[in-house]
Amino acid sequence: MIEIIDLKKRFKDKWITKGVNLSIPEGKMTVIIGRSGEGKSVLLKQLIGLINPTSGKIVINGTNIVGMAEYEKRKYLDKFGYVFQFAALLDSLNVFENIGVKPLEEGASPKDVLPIVKKNLSLVNLSEDTLYKYPSELSGGMKKRVGLARTMITNPKVILYDEPTTGLDPITSRVIHELMNNMQKKFGLTSVVITHDVKMFDYADRVALLHDGIIKYYGDAATIWESDNPYVYQFIRGLSSGPIQAEKPTSRDKY
Amino acid sequence: MVIKIINFFGNKFLNLCESLGRFVFFLGKVIATLFTTRLKLSKLFVQMFRIGTGSLTVAILTGVSTGMAFALQTYIGFRRVGGEHFIGTIVALGMIRELGPILTGLMVTGRAGSAITAEIGTMRITEQIDALRTLRINIFQYLMVPRVLAGAIILPFLVLFTMICGIIGGYVVCIYALGLSPEEYISGIRMYVEMKDIWGGLVKSSVFGFILTWVGTYKGYRTYGGARGVGASTTQSVVTASIMILITNYFLTKILETL
């Protein structure tokens, strides 16, 4: 069980999250939705320790990890995996080296790592032909699957997905969704998914909507389409009128 | 108005202190990682190969052109006082003690230091470094230490090439263009160039190699803001490392002279 309590994050004078409270149930898939630029990725990166929160708590199995030293955090986050929005594959390494980077860096020989990589490759439905290809030779969907295989090699108990189907066509998106769902069921993973893709609700257990730095809705995925929460109603139907304002350009967009 | 001015300069000063702190802290982490974790020898050799082979042509060209021009300039000046037989000594000492290390340091900064910043900076903005961190891979052990160490080890070898090529360049100009005898050129070098001159030049080179890779990796690691950020970091890396090399050169010369 992961508890996020009053989590706040500020970059210079801008508050990104203003007090997020969220309970992520173990062994379930929780989807976090929200407008672009609302801080969903920042929230996920705080969960895995890539960004330090300004204040608040992240409680993992009863222990608050906020404020802990890196080496202390490590033992709590060791079973966390992260799948990046654009896969974040190491572009100077081939698929084998990308998936096997962790054991290879820990000193395992390529000969010993190869069968593990092959197993993980088949887990994400990729053929062995891709083993020695470089990221630049892969399609977007393949990159995401390699990214997932790289995460799975660490045997995570919790996987955080940052917009796993962004930029993919509907068919590939569906394939990725099913893959995530299969992983979830097969390994009993706790999954947290950031997405704009409402089709993800078909596989999710819980849905949270992040707006204006706080969670405006948290409920069952199965009943979300019947929700009368005005934020959810507008967001999942993609309506331009409602309590959620149209996206404003951020300072970075000006460039 | 006064408060605004104080605020402005105060903020600038605090930002400068913060940047310097980060810069030194980064170096501290590199050194701590070097002594507390296993050195990835294969990665070290790859980096040495990349910096070395990538910059070898630059080092040779720098040596040859500097040696030739230096010999010509020295000849023009020394002919007036009848000191042509000292040209070999001056060219050799100049190349070994000063021009070889500093010019190669600056050239390799432009060639390899910028490449290191661009590579790590791109890894930063494309979340490759974050990916390594989520896999609990020590990025200092994986990325920074091999590069910084490779710079410190390989630059003296490159400078050795620059020194030799500079002396040969000077020789070619003196013998074939200015009509000096080979004995005149070489005897001065044999007589006045000492081993400690060579060691001094190589120590300087190693420090310059360390500086350019330290700055290169740090600027790459601190890259933000897309392609524009990578460009800005790369420029900053070359400028900062060059300035640091120039400043350090004076103090190193002074220190080495007293040893």
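The following exchange goes through a predicted model of two chains, A and B.

Biologist: How do you know that helix α1 of chain B has the span that its number of residues should give?

Modeller: At 1.5 Å a residue, the 35 residues of that helix, 2-36 of chain B, should span 51 Å, and because its end C-alpha atoms are 50 Å apart, the two values agree.

Biologist: What makes you say that α1(B) lies largely in the open?

Modeller: A residue is called buried if 20 or more other C-beta atoms lie within 10 Å of its own; of the 35 residues of α1(B), the number that are buried is 1, so the helix lies largely in the open.

Biologist: Why are β6 and β10 of chain A said to stand at the edges of their sheet?

Modeller: The sheet is open, with 6 strands in the order β6-β7-β8-β3-β9-β10 of chain A and mixed pairing. Strands β6 (80-83) and β10 (214-220) each have a single partner strand, so one side of each is left without a neighbour in the sheet.

Biologist: How do you know that β3 and β8 of chain A pair?

Modeller: Pairing needs at least two bridges, and 4 bridges join β3 (residues 29-33) to β8 (residues 190-194) of chain A, the two strands running parallel. In β8(A), A:Ile194 is the bridge partner of A:Ile32.

Biologist: Which residues make up the contact between the chains, by number and by kind?

Modeller: Chain A gives 13 residues and chain B gives 12. On the side of chain A, helix α4 (residues 101-105) supplies the largest share, 3 residues, and that side divides into 8 nonpolar, 1 polar and 4 charged residues.

Notes
Residues numbered from 1 in each chain as written. Chains lettered and ligands numbered in written order. Predicted model: local features only at pLDDT ≥ 70, side-chain atom pairs only at ≥ 80, totals over all residues. Contact = placed C-beta atoms within 7 Å. Nonpolar A, V, L, I, M, F, W, Y, C, P; charged D, E, K, R; others polar. Expected span 1.5 Å × (residues − 1). Buried ≥ 20, exposed ≤ 12 C-beta atoms within 10 Å, placed from the backbone.
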